[in-house]
Amino acid sequence: MTKQINAQSMVVKSSKKQRAPEIGHAQDRLYTDRRFTQKLLLERGTSLCTRCGAISVEKHWYIDEDKLKVLKKDPNVRQVLCPGCERVERHIYDGEVILESDLLLTNKDAAMGLIKHTEGKAWHDNPLSRIASLTENGKRIEILTTTRWLAHRIGKQFYKSFKGALEIKPSHREKFVRVYWSR
Ligand SMILES: [Zn+2]
């Protein structure tokens, strides 16, 4: 008897849905909405982003230049926009960063490197995070980001690397943040 229960619990462990009563989740009794099941089916398998070349396997996005070359030639690979690029295409901006310092004139490469590096790391954690636009004008750089979080992160990285002053202003539009770094 005990043996049987153990065996059973080992099997159900694999499915969160089956374990729902055990882990306190209510069963979902709603009818399946076809729009979402279709979306789910489409997201399964391998896709690549036509805009940035990111690869998605089972919804996990990452960059792999070598794999991209191979996948590009495979007609079975779905060509889509990754979540970050989709936001950029749809002009969904949640953050603005303004960097202002004479330091940007003399350390332009380091500054650009830091911005790119921060975007790359943020994108890895949250594929919605992208820089939508970057305008540089001498000692001033203006950046629009698709998430507030990325705007925060860029500001904080500049503050961490170059000191100076950091101001974070949530705007009247609650979802938008303005980050201002100067030195
Ligand atoms: Zn993309």
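Twelve is the number to start with: the structure holds 12 salt bridges. The model is a predicted one, and every value below is computed from it. As a reminder of the chemistry, side chains of opposite charge can pair when their charged atoms come close. A few of these pairs are worth walking through.

Take R178 and E96 to begin with. Their side chains meet in a salt bridge, with 2.6 Å from N to O. R178 sits in strand β9 (residues 177-182) and E96 in strand β5 (residues 95-100), so the pair ties together parts that are 82 residues apart in sequence. Are the two partners buried or exposed? R178 has a relative accessible area of 36%, so it counts as partly exposed. E96 comes out at 15%, which puts it under the 20% cut-off, and E96 is therefore buried.

K139 and D102 make another salt bridge, here with an N to O distance of 3.9 Å. This pair, too, links distant parts of the chain: K139 is in the loop between β6 (131-137) and β7 (140-145), while D102 is in the loop between β5 and α6 (103-106), and the two positions lie 37 residues apart in sequence terms. K139 is partly exposed, its relative accessible area being 40%.

Things are more local in helix α7 (residues 108-125), which holds both K116 and E119. These two are 3 residues apart, about one turn of the helix, and they form a salt bridge in which the closest N and O atoms are 3.1 Å apart. Which side of the pair is exposed, and which is buried? K116, at 53% relative accessibility, counts as exposed, whereas E119, at 9%, counts as buried. Salt bridges also join up into a network, the members being E100, R140 and E142.

K108 is another lysine of helix α7. With a relative accessible area of 19%, K108 falls under the 20% cut-off and so is buried. What does its side chain reach? The K108 side chain gets to the backbone oxygen of G138, at 2.9 Å. Setting aside neighbours within four places in sequence, K108 is in contact with L103, E136, G138 and I141, so G138 turns up in the contact list as well as in the polar pairing.

Next, the sheet. 4 strands make up an open sheet with mixed pairing, in the order β3-β2-β1-β4. At the edges stand β3 (60-62) and β4 (78-80); each has a single partner strand, so one side of each is left without a neighbour in the sheet. On average, neighbouring strands here are turned by 30° against each other, direction ignored. Zooming in on one pairing, strand β2 (residues 55-57) and β3 run antiparallel and are joined by 3 bridges. Within this part of the sheet, V57 stands opposite H60 in β3.

Finally, a look at helix α8 (residues 148-162), where S161 has its place. S161 shows 42% relative accessibility and therefore counts as partly exposed. How far apart are S161 and L114 in sequence and in space? The two are 47 residues apart along the chain, with 8.9 Å between their C-alpha atoms.

Terms used:
Residues numbered from 1 in each chain as written. Predicted model: local features only at pLDDT ≥ 70, side-chain atom pairs only at ≥ 80, totals over all residues. Heavy atoms only, no water. Pairing = 2+ DSSP bridges. Axes fitted to C-alpha atoms, helices over the stretch in contact; angles between N-to-C directions. Buried < 20%, exposed > 50% of the residue type's maximum accessible area, 1.4 Å probe, protein only. Salt bridge = Lys/Arg side-chain N within 4 Å of Asp/Glu carboxyl O. Polar contact = N/O pair within 3.5 Å; in protein donor to acceptor, adjacent residues only side chain to side chain. Contact = heavy atoms within 4.5 Å.
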